Amino acid sequence: MTDNNKDIDATTLKAAKTSNDKLSELNTIDNLSQYLKSAAGTREGRAIPPLENWHPEQIDDMDLVIKANGEWWHEGGHMTRESLVSLFATILWKEEKEGVTEYFLKTPVQKLRIQVEDAPLLINDVGIVNEDTNSWLEFTTTTGDVVRLDDEHPIFLRPYDSVNVEGNENRNDHSNDMDAVHNSHGEENQQLTSEVQMRPYMLVRNGLTALIGRNVFYHLTEIGELTEQDDKTTLTLQSGGHAYTLTMTSI
């Protein structure tokens, strides 16, 4: 941890103790928002706090769901304040234990368990950044994360079962993207017999993944190179002088 992060951590912990005297519970939108703004202290812009250094003992549940289409819903209502969602996204935390994945909003004094239908983050933009002799693919999430495609932030395909997501009204917003690639190139589209879809994701930070939005994925198929062999379609992307591939087997 750098000296700057030490200063941030100390300031945040001090603010946490002060806030904890005033706020017995953080599992309300107003209290959590007030706490985060008071604890931001020395952080500039949208810096991610040192969540790995926080070990709160108190765990509570918060009625907050991140939908499969990236929307945040609290107590049955859609959270439309983008600034508030982006603020809360800075304290997203993922834990895995005995094969079970849980998501939290994590502070130094409390962890608030939330529900995530698919991925906690959503990528809605991609661009090419030229730096020295290299070109990078740079991705941006709806909540302000900016990450480049490299070995630490790979893109991968993962099955998503929309049938088993209760109340998911947007399950077709990200239908099988690799099937869509077949369609756009005149290939016969063989739909999956179930509602299981292969979706593209990217590793962003602290083990958190982001779903790559359909429009972004279409743009990637234009930026990259598509090749077909036998029953496989491969998308090859160049970033930072290295090649990264996604391969889908037709069914």
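These legends go with a set of close-up views of a predicted model.

**View 1. The whole chain, for orientation.**
Before zooming in, here's the overall inventory: the protein chain has five helices and 15 strands. Of its 251 residues, 44% count as buried. Take the contacts between residues at least 6 apart in sequence, and 61% of them join residues at least 24 apart.

**View 2. The largest nonpolar core and its best-connected members.**
This core holds 46 residues. Which of them touch the most other members? That would be Trp72, Leu105, Phe139 and Leu220. Helix α3, residues 82–89, gives the core its largest share, four residues. As background, nonpolar side chains tend to be buried together in soluble globular proteins. There's also a second core, separate from this one, made of six residues, among them Ala68, Tyr160, Tyr201 and Leu211.

**View 3. Trp72 and the residues around it.**
Here we zoom in on Trp72, setting aside its neighbours within four places in sequence. On the list of contacts are Leu64, Val65 and Ile66, along with Gly77, His78 and Met79. Trp72 also touches Val85, Phe88, Ala89 and Leu92. Leu105 and Pro120 complete the set. Two of the names in this view, Trp72 and Leu105, are also among the residues that touch the most other members of the largest core.

**View 4. The six-stranded sheet, with α3 packed on it.**
Read across this open sheet and the strand order is β3-β2-β1-β6-β5-β4, with mixed pairing. At the edges are β3 (77–78) and β4 (92–97), each pairing on one side only. Helix α3 packs on the sheet and touches β2 (72–74), β4 and β5 (100–106). The direction of α3 makes about 95° with that of β2.

**View 5. Where β1 meets β6.**
Strands β1 (residues 59–66) and β6 (residues 111–116) run parallel and are joined by five bridges. To find your way along the pair, pick out Val65: its bridge partner in β6 is Gln115.

**View 6. Asn69, in the loop between β1 and β2.**
Is Asn69 buried or exposed? Its relative accessible area is 13%, and the cut-off for buried is under 20%, so Asn69 counts as buried. The residue sits in the loop that runs between β1 and β2. A polar atom of the Asn69 side chain lies 3.1 Å from the backbone nitrogen of Glu71.

**View 7. Helix α5 and its two faces.**
Helix α5 covers residues 214–223, and its buried residues are Val216, Phe217, Leu220 and Thr221. Looking down the axis of α5, you'd see these buried residues within an arc of 145°, so they line one face of the helix. Turned away from that buried side is the face carrying Asn215 and Glu222, both exposed. Leu220 should be a familiar name from the largest core, where it is one of the residues touching the most other members.

**View 8. The three-stranded sheet under α5.**
The strands of this open sheet come in the order β13-β14-β15, with antiparallel pairing. Edge strands β13 (225–229) and β15 (242–249) have a single partner strand each, so one side of each has no neighbour in the sheet. On average, neighbouring strands here are turned by 25° against each other, direction ignored. Five bridges hold the antiparallel pair of β13 and β14 (residues 232–239), and Leu226 stands opposite Leu235 in β14. Helix α5 packs on this sheet, touching β13, β14 and β15, and its direction makes about 85° with that of β14.

Methods:
Residues are numbered from 1 along each chain as its sequence is written. This is a predicted model: local features need pLDDT of at least 70, side-chain atom pairs count only at pLDDT 80 or more; totals for chains, interfaces and linings use all residues. Side-chain values use heavy atoms; hydrogens and water are left out. A nonpolar core is a set of buried Ala, Val, Leu, Ile, Met, Phe, Trp, Tyr and Cys residues joined through side-chain atoms within 4.5 Å. Buried means under 20% relative accessible area, exposed over 50%, partly exposed in between (1.4 Å probe, protein chains only). Contact means heavy atoms within 4.5 Å. The arc is that of the directions from the helix axis to the C-beta atoms. Two strands pair if DSSP finds at least two bridges between them. Axes are lines fitted to C-alpha atoms, for helices over the stretch in contact, and angles run from 0 to 180 degrees between N-to-C directions. A polar contact is a pair of N or O atoms within 3.5 Å; within protein, one must be able to donate a hydrogen and the other to accept it, and residues adjacent in sequence count only if both atoms are side-chain atoms.
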